[in-house]
Amino acid sequence: MYRYDELDQALVDQRVAEFRDQVRRHLAGELSEDEFRPLRLRNGLYIQRHAPMLRIAIPYGLLGAHQLRTLAAIARRYDRGYGHFTTRQNLQLNWPALADVPDILAELARVQMHAIQTSGNCVRNVTADHLAGIAPDEIDDPRPYCELIRQWATLHPEFTYLPRKFKIAVTGSAEDRAASEVHDIGLQLRRGAQGETGFTVRVGGGLGRAPAIGQVVREWLPLPELFAYLEAILRIYNLYGRRDNIHKARIKVLLKSLGLERFRAEVEAEWQAARSAAPQLIPAEVERVRGFFRPQPYETLEDCDPTAGSEVSFKAWYRYNTRVHRVPGYRAVFVSLKAHGAVPGDMTSAQMEGVAALAERVSFGFIRSTHTQNLLLADVPQRALYEVWRELAALGLAMPNVGTLTDMIACPGLDFCSLANAGTIAVAQQIQRRFDDLDYLYDLGEIEIKMSGCMNACGHHHVGHIGILGVDKHGEEWYQISLGGSANGSTALGEVIGPSVAQHEVAATLERIVETYRDLREDGERFIDTVRRIGLTPFRERAYAAHPAAA
Amino acid sequence: MRHILRRREIVADPWRYLGEELATGDPVIVPLSELRADREHWWSWTGRLGVRLKPADDVRDLAADLPRLDLVAVEFPNPGDGRGYSQARLLRERLRFRGELRAMGNGVRQDQAFLLARCGFDSLETCPGVDLEAVRGALTRYDVAYQPGAPQVELRRQRFFA
C-alpha cells in the first residue's frame with residue numbers, strides 16, 4: 001500500500017494542527033457554529049442527533065493491520081468500542097467528543113490516516129473496486145490512480161469550496177464493482193492500441209434526490225492528461241454549478257441543464273486552454289506510486305478444493321463468502337459485517353483487532369473495506385481457509401450470506417443521523433429475522449437490498465435490486481420500495497412499485513416480492529434478471545395483494 | 001483608514017471604491033458593470049484603475065481591459081462560495097494578469113487565506129472586525145502542498161508541477 005513520505009506526513013500533521021486551532025477557536029467562542037460548520041465538515045466532522053460523528057477516510061478501502069488496530073484503539077478510547085463502515089469505504093465513529101477530535105486526528109496521523117475531505121462541498125474520498133489487484137477480469141489496478149487523485153484533490157487550492165460534494169470512483173475491471181456510473185466522475189481504466197493506460201470518463205452520475213447515471217464525456221483520456229482533464233471538469237463545475245439551491249447543486253444538474261454536447265464542448269475547450277498551467281502527471285511519479293501496489297510475494301501454489309470432506313457450514317461459507325483470486329492457490333475472503341441481529345457495517349474494537357491479527361497471519365497484513373459494508377482479506381492461501389473460517393466464526397464475522405438478501409446495505413438512519421426520516425437499523429433487523437433461514441436465502445440467490453433513511457440516498461437505494469427508502473408521513477415512518485436497480489455493469493435506477501408501506505410491513509412485503517420471483521423465475525435466473533424480463537406488474541400485484549390498506 | 005494584507009504586510013489601503021470619498025487621480029476600484037457602462041470615461045481616469053468582480057462575472061470578458069487595470073478585486077460574499085478561486089487562476093494563468101489581485105468580502109477569513117494566496121491573490125481585504133494578524137499568520141500554516149500554485153506562498157516541498 002502507499003506509504004507517506006515526508007511531504008505527505010507534513011501535510012497531514014499540519015492539517016491536524018490547523019483543525020486543532022479551529023476547534024479551539026470554536027470552543028472559545030471565536031467561531032460561531034455557522035462559521036465552524038464548513039470548516040469541520042471539510043475534516044469529516046458532523047454534529048449528529050446525539051453527538052458528533054467523525055468520518056475517517058480509508059482511501060480506496062485499503063488498510064494495513066496496524067491501521068485497523070489503531071482504529072480499534074481509537075473506537076475503544078474515544079467512542080463506545082465500535083465503528084461503522086460506510087458505502088464509501090470509510091469508517092464512522094458515532095460518539096466522539098468534539099474536544100477529543102484533534103487528538104483522534106493526531107493518532108490517525110501517526111499511522112498515515114486522516115479525515116480530510118470526507119464530507120463538505122469538496123472532492124471526497126476516492127473509491128475503487130474492492131477486488132483491485134486480484135480480480136481475474138482486471139485490465140489494470142485502479143489504486144495507484146486513486147492515490148494520485150487523492151493527492152491531487154487534497155487541499156486543492158481552487159476546488160475546496162465547490163457548489164456541492166464531489167465523488168470520484170475508479171474501476172479497473174469489466175464488471176464495475178466500484179459503482180462508477182453513479183459518481184460525479186467515474187473513471188474506467190482502458191488500454192490503448194499500444195498498451196498504454198487511459199480512461200473512459202463519465203460525468204454526472206449520482207444518487208440523492210434526482211438520481212442519474214453518468215454520461216460518457218470522453219471515450220479515451222490518456223493517463224498523462226488525467227489531472228488536466230479533472231481540473232477542466234472541476235473548473236467548469238466550480239464556475240457554473242448552481243449555488244442557489246442545494247438540491248440542484250450537483251454536477252449532474254449542470255450537465256443536464258447544459259446538455260451533454262455543450263457540457264463536453266466547455267470541458268474540452270477549458271482542457272485545451274488550461275493544459276500548460278495544469279499539474280503534470282509525469283511517468284516517474286506514476287511509477288513511484290505504482291510501486292506501492294505491486295502484487296504480493298505469493299507462494300507458488302496450486303488450486304485445491306479446501307472444502308473436500310469438511311462440514312456443510314464451511315462449504316456454505318466458502319461458496320458465499322470467498323471469491324476467486326487471480327493467483328492459483330489463493331482466495332479472497334469476505335469478512336461479513338452482516339450477521340443477523342447486528343447493524344449492517346458495524347464492527348467492534350475486539351472484532352477489528354481479531355481481523356487485524358488474522359490479516360497479518362494469512363493475508364500479508366492488509367484488509368480492505370468494501371462499498372457493500374463488509375471487509376475483505378484479499379490474499380488468503382486456500383490451505384488456510386478452514387482456520388480463517390473458524391477464527392472469523394469465533395469473532396462473529398463468518399455469517400455465510402455475502403451476496404444474498406441479508407447482505408444488505410443500510411445507512412445509519414434515524415438512530416444516529418439528523419437528516420434521516422426512518423430507523424433503517426430496526427428495519428434491517430426485521431428483515432434479518434424474517435429471512436433467517438439460510439437455505440431459503442441460498443434458494444433466492446443473489447439479491448442486493450439497499451436501504452436509505454432519507455432522500456440523500458447514503459444507502460444507495462436507487463441502485464438496489466430491491467431499494468428501500470424511508471419517508472416521513474405525518475410523523476410516522478413509511479417505506480417506499482423500488483425494484484430493478486443495479487450499480488455494476490448494466491447500471492439502472494430502480495422503479496418504485498407503489499405506495500409506501502408501514503414499518504412493520506417491510507419484511508412481509510419483501511417476502512411477497514421474493515415469493516413472486518420464486519414462482520415466476522426460469523431455471524437459474526437471478527432475481528434482477530426476472531425483474532428485467534417480466535417487469536414490475538406481477539411483483540406489484542402480489543406485494544400489495546394482502547394489504548389493500550397500504551397507504 | 002482601511003487596512004489590508006498585501007504581500008504578507010498589513011498596510012493602509014491606498015485604493016478607494018467607487019462611492020467612497022474620492023479625489024481626481026485617486027486609485028479607484030469600480031464595479032465591472034460601471035466599467036462596461038462608461039468604458040471611455042474610466043480608461044481616461046487620471047489615476048490607477050481597478051475593477052471589482054462579482055462571483056458570476058466571466059473574467060474572460062475582461063481580457064481587453066486588463067492592460068488598463070492595476071488591480072482586480074474579486075468578491076467572496078461568503079466563505080462557501082468558491083467561484084473566486086477559479087476566477088483568480090484564470091486571471092493569473094490564462095489572462096496573464098500581473099497587477100494586484102485582491103480577494104475581498106465576507107468570505108475572506110484566516111481559514112481561507114492559504115488557499116486564496118495559492119490561487120494567486122496577493123492582497124486580502126477582510127470585513128471590519130477580522131483580525132488581520134491572524135490572517136497573516138494563516139499564510140504559513142502549511143509549508144508543503146501537492147498541487148502547483150502561485151508564488152504568493154513559499155513552500156518547502158511540492159509534489160506536482162505545472
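Here is a walk through a predicted model with a chain A and a chain B, starting with the overall build of chain A and ending where the two chains meet.

Let's begin with chain A. Its secondary structure comes to 17 helices and 21 strands. The radius of gyration of chain A is 23 Å, close to the 24 Å that the globule rule gives for 551 residues, so chain A is as compact as a globular protein of that length. If you put a box around its C-alpha atoms along the principal axes, that box would be roughly 60 × 60 × 55 Å. Buried residues make up 54% of the 551 residues in this chain. Take the contacts in chain A with a separation of 6 or more, and 67% of them turn out to join residues 24 or more positions apart.

Two helices of chain A are worth a stop. Try α12(A) first, which covers residues 385-394. Which of its residues are buried? They are Leu385(A), Val388(A), Trp389(A) and Leu392(A). These residues sit on the same side of α12(A), because they cover an arc of only 100 degrees around the axis. Turn to the face pointing away from that buried side and you'll find the exposed residues Arg390(A) and Ala394(A). As for what the buried residues pack against, the list is α10 (312-321), β11 (322-324), β12 (330-335), α11 (349-362) and β15 (375-381) of chain A. After the helix comes Gly396(A), with a positive phi near 75 degrees.

The other stop is α7(A), residues 251-258. Here the buried residues are Ile251(A), Lys252(A), Val253(A), Leu254(A) and Leu255(A), and they pack against β9 (197-203), β10 (215-222), α6 (226-240) and α8 (260-274) of chain A. A glycine follows this helix too: Gly259(A), whose phi is positive, near 85 degrees.

Now over to chain B. Eight of its strands form an open sheet with mixed pairing, in the order β2-β1-β8-β7-β6-β5-β4-β3. Why do β2 (9-12) and β3 (16-17) of chain B each have one side without a neighbour in the sheet? They stand at the edges, each with a single partner strand, so one side of each is left free of a neighbour in the sheet. Elsewhere in the sheet, β6(B) (residues 71-75) and β7(B) (residues 100-104) pair in the parallel sense over five bridges. To spot this pairing, look for Leu71(B), which stands opposite Glu100(B) in β7(B). Lying across β5 (49-53), β6 and β7 of chain B is the helix α3(B), which runs at about 160 degrees to β6(B).

That helix leads us to the meeting of the chains. How many residues of chain B are in contact with chain A? There are 27, in contact with 29 residues of chain A. On the chain B side, α3 (83-94), α4 (110-118) and β9 (144-145) each supply at least two residues, and α3(B) gives the most, with six. The residues on this side of chain B divide into twelve nonpolar, five polar and ten charged.

One residue to look at here is Tyr85(B), which has its place in α3 of chain B. Is Tyr85(B) buried or exposed? Tyr85(B) has 29 other C-beta atoms within 10 Å, so it counts as buried, the cut-off being 20 or more. Leaving out residues up to four places away in sequence, Tyr85(B) touches Pro157(A), Glu158(A) and Tyr161(A) on chain A, along with Leu115(B) and Cys119(B) on chain B.

Terms used: Residues numbered from 1 in each chain as written. Chains lettered and ligands numbered in written order. Predicted model: local features only at pLDDT ≥ 70, side-chain atom pairs only at ≥ 80, totals over all residues. Contact = placed C-beta atoms within 7 Å. Helix = DSSP H or I, 4+ residues; strand = E, 2+ residues; numbered from the N terminus. Nonpolar A, V, L, I, M, F, W, Y, C, P; charged D, E, K, R; others polar. Buried ≥ 20, exposed ≤ 12 C-beta atoms within 10 Å, placed from the backbone. Arc of directions from axis to C-beta. Pairing = 2+ DSSP bridges. Axes fitted to C-alpha atoms, helices over the stretch in contact; angles between N-to-C directions. Rg over C-alpha atoms; globule rule 2.2 N^0.38 Å.
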